[in-house]
Amino acid sequence: MILYKYVDFDTAFDHILKNKTVKFTRPSEFNDPFETTARQARESVAEDDSKFAFDDFCQHIGLNQSYGILCLTRNPGNLLMWAHYATGKRPPSTGISFRGDAHCGIVIGIDTAEAGFDDEEKNVVPAKFGSVIYSTTKPSHAYGKFSDLLFLGRINEFRSGLLEEMQRIFLYKSHDWSYEEEVRIVKNISTSQACIQPIPVAAIKEVYIGYGQTVAVTEIRKRIVELVPEAKIFLMERNNLDWRLKARDITSMLGLVE
């Protein structure tokens, strides 16, 4: 399946498209203060606070030292995602001039199979099991005893028997984030300390240019063709009939002619 990564202009050209790499981010670096906290539900209100706090601290350290998460989404035309994540705040090192901020970034379509993100031997949570679970109410019941191996960083591959534990730790989020339609891939990054992971160029199937880059689209398209010549290229435009964005195929130069 093809899933999408919303990124700022520099990240797209200086890292993903140029170097064919993606970043697996530690949970503590995300913008959600409740990241991984669905595991914290207490068994009773009488539970000792100091023990709960100590256990939670140890688990937090273990998770952040051991695991990295790649966040992808199902929809390349998500209006809010373009505004929040696909930005372009400064002139990129590629030398291409551009304007604005929101909607000036890039969305990259990645084939999860070709990228190795469906491989159960190389991912703690593969893409095919990584759909985020959104809920309006945070879990209040204790899951039970989590496997100590998780917090010791000794899980390197997908284990079907631990799927519910992985979901509780990595995949539960507030319904406020549901607009993201997020799918996650989780890897153990403790052994190599490598948050940056390579992907094959063939895994990059589609590249979407933000609406705010319309004036520079010819230059940007040329650069994309140089870096990922087999990828399809699209320009995002406003749909005048409703509130949605639409993608115009500009893989061929003929697509630039309206």
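Visitor: How many helices and strands does the protein have?
Guide: There are six helices and eleven strands. Keep in mind that this is a predicted model.

Visitor: OK. What share of the residues counts as buried?
Guide: Of the 258 residues in the protein, 50% are buried.

Visitor: And what about the surface, how much area is exposed?
Guide: About 13,100 Å² is exposed, and carbon and sulfur atoms supply 53% of that.

Visitor: What about contacts between residues at least 6 apart in sequence, what percentage join residues at least 24 apart?
Guide: For those contacts, the figure is 76%.

Visitor: Let's do helices. How do α1 and α6 pack?
Guide: Helix α1 covers residues 9-19, and it packs against α6 at an angle of about 20°, with the two axes 10 Å apart. The angle is under 35 degrees, so α1 counts as roughly parallel to α6.

Visitor: Is the crossing left-handed or right-handed?
Guide: The crossing of α1 and α6 is left-handed.

Visitor: Which residues meet there?
Guide: From α1 you get Phe9, Phe13, Leu17 and Lys18, and they meet Ile220, Arg223, Ile224 and Leu227 of α6.

Visitor: Arg223 has a charged side chain, right? What does arginine 223 meet in a salt bridge?
Guide: The partner of arginine 223 is glutamate 226, at 3.3 Å from N to O. Both sit in helix α6, residues 217-227, and they are three residues apart, about one turn of the helix.

Visitor: Are those two buried or partly exposed?
Guide: Arginine 223 has a relative accessible area of 23%, so it is partly exposed. Glutamate 226 is partly exposed too, with 49%.

Visitor: How many salt bridges does a search of the whole structure find?
Guide: The search finds eleven. In general, side chains of opposite charge can pair when their charged atoms come close.

Visitor: Which residue pairs with aspartate 32?
Guide: Lysine 173 does, in a salt bridge with 3.0 Å from N to O. This pair links distant parts of the chain: aspartate 32 is in the loop between β2 (21-23) and α2 (49-66), while lysine 173 is in strand β6 (residues 172-174), 141 residues apart.

Visitor: Are they buried or exposed?
Guide: Aspartate 32 and lysine 173 are both buried.

Visitor: Now lysine 205, what does it form a salt bridge with?
Guide: Lysine 205 pairs with glutamate 114, and their closest N and O atoms are 2.9 Å apart. Lysine 205 lies in strand β9 (residues 204-209) and glutamate 114 in the loop between β4 (106-111) and β5 (133-135), so the salt bridge ties together parts that are 91 residues apart in sequence.

Visitor: How accessible are lysine 205 and glutamate 114?
Guide: Lysine 205 is partly exposed at 27% relative accessible area, and glutamate 114 is partly exposed at 37%.

Visitor: New topic: backbone angles. What's the phi of histidine 103?
Guide: The phi of histidine 103 is near 65°, which is positive in a residue other than glycine. For background, most residues other than glycine have a negative phi.

Visitor: Where is histidine 103, and is it buried or exposed?
Guide: Histidine 103 is in the loop between α3 (79-84) and β4. Its relative accessible area is 16%, so histidine 103 is buried.

Visitor: And what about the phi of glutamate 181?
Guide: Glutamate 181 has a positive phi as well, about 50°, although it is not a glycine. You'll find glutamate 181 in the loop between β6 and β7 (182-188). At 34% relative accessibility, glutamate 181 is partly exposed.

Note on methods: Residues are numbered from 1 along each chain as its sequence is written. This is a predicted model: local features need pLDDT of at least 70, side-chain atom pairs count only at pLDDT 80 or more; totals for chains, interfaces and linings use all residues. Side-chain values use heavy atoms; hydrogens and water are left out. A salt bridge is a side-chain nitrogen of Lys or Arg within 4 Å of a carboxyl oxygen of Asp or Glu. Helices (H or I, at least four residues) and strands (E, at least two) are DSSP runs, numbered from the N terminus. Buried means under 20% relative accessible area, exposed over 50%, partly exposed in between (1.4 Å probe, protein chains only). Contact means heavy atoms within 4.5 Å. Accessible areas come from the Shrake-Rupley method with a 1.4 Å probe; for residues, only the protein chains shown count as cover. Axes are lines fitted to C-alpha atoms, for helices over the stretch in contact, and angles run from 0 to 180 degrees between N-to-C directions. Angles under 35 degrees count as roughly parallel, over 145 as roughly antiparallel, 65 to 115 as roughly perpendicular and the rest as oblique. A crossing is left-handed if the near helix is turned anticlockwise from the far one by less than a right angle, and right-handed if clockwise.
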